[in-house]
Amino acid sequence: MSPTMVEHSGLDIMCLNKYCHSSSSSSSSEHDKKIFSKLKRSLSGDYPRKNAEILSGQYGTNVLLIGAALMLAIAHHGPSVKEEHLLSFVTCLMILQLIWMMWYILVRDRQKNTRTEKDVHATTCWIRGGLTLLALLSLIMDAFRIGYYVGYQSCVSAVLGVYPVIHATHTIAQVHFLWFHIKDVIKSFETFERFGVIHAVFTNLLLWCNGVMSEAEHFLNNHKRRLSALGYGNLTIVHSEPHCNCTTSTCSMFSSSLYYLYPFNIEYHIFVSAMLFVMWQNIGRTIDLSSNRKRLATKTQGLTLGPILGLLALASTIGILVVYITHVEESLKMRQSAISMFYIYGIIMLVFMCSAGTSGLLIYRADHIPLDTSKNPSRQLDTELLFGSSIGSWLMSWCSIVAALGTNSSPPYRWTNLVYSLLIVLEKYIQNLFIIESLYRQQEDGEREDPELPAAPEIFSVTSSLAPPYNGIINRAYETPDRACVTMENDQEESGQVYRCPRKPSEVPLPVGNKVVEPPNIKRQILKNIAVFLLMCNISLWILPAFGCRPQYDNGLEQETFGFSIWTTVLNFAIPLNLFYRMHSVASLFEVFRRV
């Protein structure tokens with residue numbers, strides 16, 4: 001037989017010899033086959049998914065960068081790129097997202113008979129309710145935009161009228177999608193759905209950036225107007241009013257009211273983008289049913305001190321806001337007293353917040369309960385957003401510290417500004433630790449959870465691994481319940497199955513009426529009060545900058561140290577992140593309150 005025939009024949013002649021393979025060579029060949037099969041599975045499974053993630057992520061990032069480039073050109077106020085160009089681009093993105101959401105809902109309606117996996121940690125009813133409220137305020141803002149366009153329709157682009165209509169439609173459809181589909185774990189058309197979800201994520205991010213830019217420009221113009229009134233020159237104030245007369249008497253009311261609604265619209269879009277990003281991470285994910293459980297309604301007994309202190313902080317915040325806004329544009333002395341009042345109020349508030357967060361951490365340290373390390377994209381994103389949004393406030397605080405220590409002037413609020421900035425850094429350190437440790441702590445043994453899927457078999461279940469085996473009719477439990485239960489356990493352990501006997505009546509807590517009597521847990525009540533107090537304090541610290549109380553624009557220390565352009569750039573970067581941090585902390589602290 002020729003060598004060629006030996007090479008191509010189906011039977012290897014050399015293998016006919018029984019000594020042709022040693023035991024070590026056969027084991028190594030089997031090991032190589034295992035490695036090859038693992039590599040083949042990884043290439044056919046993980047890499048296409050990773051490619052889809054990378055491709056869709058790059059697509060979304062470039063969509064955002066296109067919008068950012070248009071916004072930077074508009075900020076220059078040049079003749080080539082105008083606001084209607086950006087609004088046209090954003091309107092097209094919203095229309096594409098509407099088409100994708102309609103397609104997704106229709107596909108899910110056709111798959112009614114197939115069970116869709118849900119991630120119960122993706123969102124909660126109270127988060128969706130809060131987003132619905134923010135969406136309603138955004139719809140009011142769209143109505144004001146439409147009224148503004150009607151008054152100036154003779155001299156403005158039609159895009160200014162089309163944009164609020166599409167935005168209102170987009171808001172209504174998106175809220176419906178959030179209520180009924182945000183928990184879905186997508187397992188079909190995964191690559192296409194990744195592009196659809198990431199398109200929705202970055203569309204909302206771009207709408208957030210557009211709102212932030214408009215609000216920042218409004219506050220910057222107000223700041224320039226104040227400086228001009230104090231005698232500073234060479235400041236260009238941009239007038240955005242159209243070059244024609246309004247045909248109605250409500251145009252000025254619409255334009256001034258828009259800026260009071262911008263904070264709610266901004267928070268709506270950034271929260272929606274975060275929720276959609278969790279949905280994007282869940283595409284193709286295998287849900288761990290043991291950790292995919294939703295909690296029962298939390299108890300509110302023992303809540304006294306936290307809500308009282310929180311309401312007191314909220315009421316004082318509203319008073320500080322009114323006094324600051326009314327006095328900051330008056331004489332220099334009144335302006336300095338208003339800024340000093342703000343810093344003193346902030347120092348008191350931050351001292352109480354640091355004390356509350358430290359007390360909560362000490363209680364956690366005394367319990368010695370391990371952390372939960374199971375995979376949870378929603379919780380991981382909460383942690384990353386808390387840290388990432390803290391950076392803006394930390395940058396602003398350290399700039400204020402450098403300015404307070406290095407300035408030559410000495411206004412009455414110089415050292416209170418220094419102490420306030422140091423406490424801002426410390427408070428975020430402590431609050432982030434408290435929130436993250438609360439979210440990552442394992443549930444205690446006494447806590448009950450409501451699984452998304454029933455853990456026990458249903459009455460008519462015929463699953464062999466859950467139902468005990470039987471041969472004929474056996475009624476061991478009637479004769480000797482304890483011995484019969486042990487016998488059934490032994491029988492199933494031999495067959496590789498597990499069967500757990502019901503507890504004795506003495507082991508089951510006896511209900512009184514319809515409720516189970518539980519001893520009050522002092523530590524848990526303290527933690528609930530701490531969570532409620534911190535939640536309301538974060539609402540207070542969100543209200544102040546959101547509605548115009550921004551002493552960083554008015555104190556002059558940082559502007560003297562860094563210059564007008566650099567300091568306004570820092571503020572335009574830091575203040576939106578700080579606003580998002582406070583609102584995100586509110587959501588996280590409410591989740592902490594429910595988990596405790």
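Student: Let's start with Ser393: buried or exposed?

Tutor: This is a predicted model, and in it Ser393 has a relative accessible area of 2%. The cut-off for buried is under 20%, so Ser393 is buried.

Student: Where does Ser393 sit, and which residues does it touch once we skip those up to four places away in sequence?

Tutor: Ser393 belongs to helix 10. With those sequence neighbours left out, Ser393 touches Ile424, Lys428 and Asn578.

Student: Which residue of helix 10 can I set against that as an exposed one?

Tutor: Try Phe387, which is in helix 10 too. Its relative accessibility is 52%, and because the cut-off for exposed is over 50%, Phe387 counts as exposed.

Student: What surface feature does Phe387 help to make?

Tutor: A nonpolar surface patch of about 370 Å², made by Phe387, Ile391, Leu395 and Phe573. Helix 10, residues 377-406, gives the most to that patch, with 3 residues. As a general idea, an α-helix has 3.6 residues a turn, so residues three or four places apart point the same way.

Student: Now helix 7. How do I check its length against its residue count?

Tutor: Multiply the rise by the number of steps: at 1.5 Å a residue, the 32 residues of helix 7 (residues 251-282) should span 46 Å. The end C-alpha atoms are 45 Å apart, which agrees.

Student: Where is the kink in helix 7?

Tutor: At Leu261, shortly before the proline Pro263, with an angle of about 40°. Past the end of the helix comes Gly284, whose phi is positive, near 75°.

Student: How many residues of helix 7 are buried?

Tutor: 25 of the 32, so helix 7 is largely enclosed by the rest of the structure. For the protein as a whole, buried residues make up 42% of the 596 residues.

Student: What does Thr171 contact, leaving aside neighbours within four places in sequence?

Tutor: Thr171, in helix 5 (residues 159-181), is in contact with Ala135, Leu139, Asp142 and Tyr268. At 1% relative accessibility, Thr171 counts as buried.

Student: On to charges. How many salt bridges does the structure hold?

Tutor: There are 7. One of them pairs the side chains of Arg194 and Glu53, at 3.4 Å from N to O. Arg194 lies in helix 6 (residues 190-229) and Glu53 in helix 2 (residues 23-75), so this pair ties together parts that are 141 residues apart in sequence.

Student: Are those two side chains' residues buried or exposed?

Tutor: Arg194 counts as buried at 1% relative accessibility, and Glu53 is buried at 18%.

Student: What about a salt bridge inside one helix: which residues form it, and how far apart are they in sequence?

Tutor: Look at Arg594 and Glu591, whose closest N and O atoms are 3.2 Å apart. Both lie in helix 17 (residues 564-595), 3 residues apart, about one turn of the helix. Arg594 is buried, with a relative accessible area of 18%.

Student: Which residues are joined into one network by salt bridges that share partners?

Tutor: Arg365, Glu437 and Arg441. In the Arg441 and Glu437 bridge, the closest N and O atoms are 3.7 Å apart. Arg441 counts as buried at 7% relative accessibility, and Glu437 is buried at 15%.

Student: And what is the overall picture of secondary structure and contacts?

Tutor: The protein comes to 17 helices and 4 strands. Among contacts between residues at least 6 apart in sequence, 87% join residues at least 24 apart.

Methods. Residues numbered from 1 in each chain as written. Predicted model: local features only at pLDDT ≥ 70, side-chain atom pairs only at ≥ 80, totals over all residues. Heavy atoms only, no water. Patch = residues over 30% accessible without salt bridge, like charges linked within 9 Å, V, L, I, M, F, W, Y side chains within 5 Å. Areas by Shrake-Rupley, 256 points an atom, 1.4 Å probe, with all protein chains shown as cover. Salt bridge = Lys/Arg side-chain N within 4 Å of Asp/Glu carboxyl O. Helix = DSSP H or I, 4+ residues; strand = E, 2+ residues; numbered from the N terminus. Buried < 20%, exposed > 50% of the residue type's maximum accessible area, 1.4 Å probe, protein only. Contact = heavy atoms within 4.5 Å. Expected span 1.5 Å × (residues − 1). Bend = angle between axes of the 7 residues up to and from the residue.
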